[in-house]
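Student: I would like to learn how to read a protein model. May we work through one by question and answer?

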Amino acid sequence: MWLHATSLLKFNLPVQTPFLLMLRPRSSDRQWIGREEYLMSEGAQVQEFTDPFGNLSQRVISPAGAFWIKTSVEAETPDNSDVTPGAPFVEVQHLPTDVLQYLLPSRYCESDRFSQLAAEVTTQCTAGYDQCAAIVDYVQSTTRYAPGEPGGIISACEVNQNESGVCRDLAHLSIALCRALSIPARLVVGYLQGLEPMDQHAWFEAFVGGRWYTFDPTQSDLRGGRIVIACGRDAADVALYTQFGSFVDLLTLDVTVAEIPRP
């Protein structure tokens, strides 16, 4: 299927402000970027680079005052994410080298503190995909999905204690539990067709059966097309925008995702 996704960010900046932005998806073996538009206010200085995780990122110095960024993308992507119960666990010694970094504890995913819980949650499961599915079931049954809930980024331990969170928080908890079982897991940010309420979205991927599989503890199933913008160890790696210096006021974040009819 083809999806058309847009985002609009508007800021009020007291002074000239440096940003790191991560808003441009790129083509991969699971999505093809057919058309893209990336616009921002006049006067911004921009330099693009690829970060250590392969994401397209931009260094921006924005002028003071009103500052906006508009993005638009048309992408071909599968209608649904693959579901493969029984996909086997991959022993650490057989993992690709670039996957190893997703085994380690990270800032918001303290996997070294979840070994016992992860074992309890998956005690009856075949190692691999089925363990990840059991983790999703656990997170869905114990943690309330609260889109739009105010507050800053919290860690997996805090999510487990609070028993509620936004999409990013539920993904962090799931990632920590997967890594505690030596299953590589990473955070993904992007667009999801049919998300309610519509916004930028976060889910996670786990490496089993020799490839990455999509999991989403905020949804009852994996139907709907997804456009991946970026992947990383946790939210510290894949923030849509990071500003430096003075506090900035985000006035607007509008997102749309719609299927493009094809003859």
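The dialogue below treats a pair of helices, a sheet and some single residues.

Tutor: This is a predicted model, in which local features need pLDDT of at least 70, side-chain atom pairs count only at pLDDT 80 or more, and totals for chains, interfaces and linings use all residues. Residues are numbered from 1 along each chain as its sequence is written, and side-chain values use heavy atoms, with hydrogens and water left out.

Student: How is helix 2 oriented to helix 4: roughly parallel, roughly antiparallel, roughly perpendicular or oblique?

Tutor: Helices (H or I, at least four residues) and strands (E, at least two) are DSSP runs, numbered from the N terminus. Helix 2 (residues 129–142) and helix 4 (residues 167–180) pack at about 140°, with axes 10 Å apart; axes are lines fitted to C-alpha atoms, for helices over the stretch in contact, and angles run from 0 to 180 degrees between N-to-C directions. Angles under 35 degrees count as roughly parallel, over 145 as roughly antiparallel, 65 to 115 as roughly perpendicular and the rest as oblique. Therefore helix 2 is, relative to helix 4, oblique.

Student: Which strands stand at the edges of the sheet of four strands?

Tutor: Two strands pair if DSSP finds at least two bridges between them. The open sheet has the order 3-6-1-14, with antiparallel pairing. Each edge strand has a single partner, so one side of each is left without a neighbour in the sheet; these are strand 3 (32–40) and strand 14 (249–259).

Student: Which residue of strand 14 is the bridge partner of Phe11?

Tutor: Strand 1 (residues 2–13) and strand 14 run antiparallel and are joined by 10 bridges. In strand 14, the bridge partner of Phe11 is Leu250.

Student: Is Ser164 buried or exposed?

Tutor: Ser164 lies in strand 8 (residues 164–165). Buried means under 20% relative accessible area, exposed over 50%, and partly exposed in between (1.4 Å probe, protein chains only). Because its relative accessible area is 11%, Ser164 is buried.

Student: What is the phi of Glu163?

Tutor: Most residues other than glycine have a negative phi, and most peptide bonds are trans. Glu163 is placed in the loop between helix 3 (156–162) and strand 8. Although Glu163 is not a glycine, its phi is positive, at about 65°.

Student: Which residue does a cis peptide bond join to Glu196?

Tutor: The omega of this bond is about -10°. The partner lies in the loop between strand 9 (185–192) and strand 10 (201–208). The residue joined to Glu196 is Pro197.
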